[in-house]
2 protein chains.
Amino acid sequence: MKKHQVTIIDIAKELNLSKSTVSRVLTGHANVSIKTREAVLELAEKLDYQKNMLAIGLISKKTNTIGIIVPEFSSSYFPQIVIAAQEVATQAGYNTVFSQSNETYETEVANTKVMLANQVDGILISITRETRNYDHLKVFERKGIPIVFFNRVCDEMKVPKVIVDDFEGAFNAVDYLIKSGRKRIAHLAGPASLKISANRLEGYKSALRKNNMVIDEELIISYNLEVSKVKIYINHLLSLENPPDAIFAVNDPTAIEAIQIIKKKGLRIPEDIAIIGFSNDYASDLIAPSLTTVAQPISEIGSTAAQLLIEQINRDVSDWKAVTKVLKTELIIRNSS
Amino acid sequence: MKKHQVTIIDIAKELNLSKSTVSRVLTGHANVSIKTREAVLELAEKLDYQKNMLAIGLISKKTNTIGIIVPEFSSSYFPQIVIAAQEVATQAGYNTVFSQSNETYETEVANTKVMLANQVDGILISITRETRNYDHLKVFERKGIPIVFFNRVCDEMKVPKVIVDDFEGAFNAVDYLIKSGRKRIAHLAGPASLKISANRLEGYKSALRKNNMVIDEELIISYNLEVSKVKIYINHLLSLENPPDAIFAVNDPTAIEAIQIIKKKGLRIPEDIAIIGFSNDYASDLIAPSLTTVAQPISEIGSTAAQLLIEQINRDVSDWKAVTKVLKTELIIRNSS
DNA sequence: CTGTTAGCGCATTCAA
DNA sequence: TTGAATGCGCTAACAG
């Protein structure tokens, strides 16, 4: 375990120079003779010298690192966002530190503490489906560390947010189902604690109302997004006296699970029952029948969020803006509806 | 940008104590009166005090952080590995820092430098399809920082590695195709620079040989894993005078792309042509027809690699072991073959 | 152009 | 049980 870190002192000794001179070279300052500069650079290269960012961070109170916390990594949704965010961050000279909270509140809290302890310059976060208390996030505000929400946001905090127009997306999906002649449209909704679930539910209801259809609470099921539970709810819906002829699911994993269950039951999709999802996950175009879904500009969410965060970092606390960017969705019609 | 970090000094002043006393409480040392201990703890909590890990890392030369570098994040493969590795690391008290190199050598090199500069205690890496030079990785060895490879390994380095039995997996897949009566089996292979590609190719050839079939180089196509290129090769294979009646693809994304292209051409799978992939990605069970594939114990790869790395970290450099763990694959037969 | 000094936040000696 | 002093690796004044 005897790590052998090469330090400025090492190369200063070797070259019979003072540490400050070496430091000047390494930080790109000008006041150094060409000869010493080259000698230092050469030796540094030869010894695989790497600056110790811990020391620099300690001095400068800036780590050039942003943290990204996502609730899960199992669908293609969050990985894609992370890729886009990382790209923007790298471009701007920032490193990224990720963690995934596994949809667990405690893990999320722990993750934020780690980020805090590691002195990130700002964080990007999408909360878990469990998160109801936001104290661990408000700490960032108090400490003057910018925080930007994306996708799953915290309503009570006045900070930048990047979301999509969930209401409109849901509205369009359901409106389309109605226009296609569907009479009883069920909604497999997410937990009410998540704003995205609530907005999608509202879009669903609004579309029904606009088309003068009754809102049957029996057809609205709110669940905690654990895909393994979908089977129960589908069974329930199909056993209703007056079963639905369409299902609008809160997200693609739910819709995909529903398709598989319904197919196994021998029902035809979309003839007997139509399905629409939300997010246009990678798998939605692969499953049979391919899934009609509300597409989100996933990469744009990630890059916009990173952009906002970096702007915020470069701004003075007193000048923070709490903009909320609402990106547009697009209904992609495939074979499941 | 005026971050307001709370330090030990702040709470020492407030309580009229010395920094060392406060430090003792915070590090859990014993020699402190209950009264002061409680006062310190209470104030720390109230002020949202968080230790500055930069300072601690600087002193202890240990950050309790491991780095994970993966080539891409677009399939479900690496995210799953990362989840498993992170879980083991967390359990052992380590934080994780990820980065993805986007299948680009330069990015990989940059990522390793960042990890080095941030003083990770060890790294887990799967190299890009481009990586041919390993100097940036050998630096870790020289500096006494443990490195563990998984999936895509570097042959010339004597360090721990976690792989699956690619040879056997490929052999079983091709052997199964032959037993099912396929006569001309093509192989869409990966780049020769990746050991996994080479091993899978060898497994393919070996199965043909064992069954006394000729190895037709015309049917073996090595490509760089850019899925968009698959179309070209499929077109080529199908236009052969004596086209293949089966394709063994080096991985699932390739196989899935192939299925889509072949379906569009109006050919039937598996009647006209059978397809087998490798890895059992999330999507392979969803696509129609569902994909026969060689499953890897993905989570186990991640957890094993993390395990090995942590063992290595806790060992003295002089006592490093260069074990290579070879995990078993399993052929999952679905409808594409 | 170069060397000296101080200090970032903390843990860890050594004294009291 | 507490306090004072040292130093981790580095940068940024301040001198020469």
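These legends walk you through close-up views of a predicted model in which protein chains A and B meet DNA strands C and D.

**View 1. The protein residues around DNA strand D.**
Look here for 26 residues around DNA strand D, of which A:Ile8, A:Tyr49, B:Thr21, B:Arg24 and B:Lys61 come nearest. Of the strand D atoms that come within 4 Å of the protein, 64% belong to sugar and phosphate. Sorted by class, this surface holds 9 nonpolar, 13 polar and 4 charged residues. Helices α2 (19-26) and α4 (53-60) of chain A, along with α2 (19-26) and α4 (53-60) of chain B, each bring at least two residues to it.

**View 2. Polar contacts to DNA strand D.**
Zooming in, you can find a polar backbone atom of A:Ile8 lying 2.7 Å from a phosphate oxygen of strand D. The side chain of B:Ser18 places an N or O atom 2.8 Å from a phosphate oxygen of this strand. For B:Ser20, the partner is a base nitrogen of strand D, 3.3 Å from an N or O atom in the side chain.

**View 3. The protein residues around DNA strand C.**
Now turn to strand C, which has 25 residues around it; A:Ser20, A:Lys61, B:Ile8, B:Tyr49 and B:Ile59 come nearest. Here sugar and phosphate make up 59% of the strand C atoms that come within 4 Å of the protein. The surface near strand C comprises 9 nonpolar, 13 polar and 3 charged residues.

**View 4. Polar contacts to DNA strand C.**
A:Ser20 has a side-chain N or O atom 3.2 Å from a base oxygen of strand C. Phosphate oxygens of strand C lie 3.2 Å from a side-chain N or O atom of A:Thr36 and 3.0 Å from one of B:Ser23.

Conventions
Residues numbered from 1 in each chain as written. Chains lettered and ligands numbered in written order. Predicted model: local features only at pLDDT ≥ 70, side-chain atom pairs only at ≥ 80, totals over all residues. Heavy atoms only, no water. Near = heavy atom within 4 Å. Polar contact = N/O pair within 3.5 Å; in protein donor to acceptor, adjacent residues only side chain to side chain. Helix = DSSP H or I, 4+ residues; strand = E, 2+ residues; numbered from the N terminus. Nonpolar A, V, L, I, M, F, W, Y, C, P; charged D, E, K, R; others polar.
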